[in-house]
Amino acid sequence: MSIIDEMLIPFKSISLIETEAVKLQNRIDTKYVFHISKLPVFLEQLQEDYRVLEIEGVRLQRYQTVYFDTPYYWMYLNHHNGHLKRFKLRSRRYLDTGQTFFEIKCKTNKERTIKNRTRQEGQQEEISVKQAHLLSLFTSFSAEMLVPSLWVYFSRITLVNQAQTERITIDTGLQYRKDGKEVTYSNLIIAELKQDRTAVSRFQRIAHNNHINGMKISKYCLGIISLNRQIKQNRFKEKLIQINKISHDAF
């Protein structure tokens, strides 16, 4: 049992079926980035108001994600250049259950996140006919336009508040791979508050009390600039410096 698993013992559990009822497919997302040494403070103060997702006795779930982009990184550059409406296309495998989903995430020009997904069979790096159909319904991309652009690995804690109006994901052990290159942010926590409305939550108050502000950061973009220093990234340089500082500064 890991140290993080021990931190989760005091939490009451919530099942996957109950968690999926809190879909929040059309939602407001706020990310928080902090050093792993602050995690015990957060978890201790969240115990009374949140339940933790537990699947077959596992509370710290492992994820493996393959992102898709055009060969010239159209989706990454859209984000870098500040386009208000942008997409993320990915195949996400839940390693502890073996399930894989192909997902389309759209950030609208009103800063809301809309997600559509379908079950995936076969290799993560391949886009099937069913996935191509989903692309045609919600994007202007075809499978022929896309290639695997980044492999991402991390472990996730998922918390749901008692009112079931918000979800918090807490990602740790973030690792990126592409073309034989690898970067790991072992001391970094990326937490994301997902709400159906902009109400102040317990998690937001704890973050504020620990002098942690929301940060607009894409795990996909972070991985691209971490592994490819030749790609256009001037808009993200200051943020990368900030993330590296957080990753190396102990609490």
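**Exercise 1.** Which residues of the largest nonpolar core touch the most other members?

*Solution.* The model is predicted. The largest nonpolar core holds 28 residues, and those that touch the most other members are Tyr 76, Leu 150, Leu 174, Tyr 176, Tyr 185 and Leu 222. Next, assign the core to elements: at least two residues each come from strand 4 (61–69), strand 8 (147–161), strand 9 (166–178), strand 11 (188–195), helix 7 and helix 8. Helix 7 gives the most, six residues. A further core of 23 residues lies apart from this one, and Leu 39, Tyr 50, Phe 203 and Ala 207 are among its members.

**Exercise 2.** List what Tyr 176 touches, leaving out residues up to four places away in sequence.

*Solution.* Start with the lower numbers: Leu 150, Trp 151 and Val 152. Then come Lys 181, Glu 182, Val 183 and Tyr 185. The list ends with Lys 219, Leu 222, Gly 223 and Leu 227.

**Exercise 3.** Determine how many residues of helix 7 are buried, and find a side-chain contact at the start of the helix.

*Solution.* Nine of the nine residues of helix 7 are buried; they include Lys 219, Cys 221 and Ser 226. At the helix start, a side-chain oxygen of Ser 218 comes to within 3.2 Å of the backbone nitrogen of Tyr 220.

**Exercise 4.** Is Arg 229 buried or exposed?

*Solution.* First locate Arg 229: this residue sits in the loop between helix 7 (219–227) and helix 8 (237–248). Its relative accessibility is 52%, so Arg 229 counts as exposed, the cut-off being over 50%. Finally, look for a partner: the Arg 229 side chain reaches the backbone oxygen of Ile 225 at 3.0 Å.

Definitions and conventions
Residues numbered from 1 in each chain as written. Predicted model: local features only at pLDDT ≥ 70, side-chain atom pairs only at ≥ 80, totals over all residues. Heavy atoms only, no water. Helix = DSSP H or I, 4+ residues; strand = E, 2+ residues; numbered from the N terminus. Buried < 20%, exposed > 50% of the residue type's maximum accessible area, 1.4 Å probe, protein only. Polar contact = N/O pair within 3.5 Å; in protein donor to acceptor, adjacent residues only side chain to side chain. Core = buried A, V, L, I, M, F, W, Y, C linked by side-chain atoms within 4.5 Å. Contact = heavy atoms within 4.5 Å.
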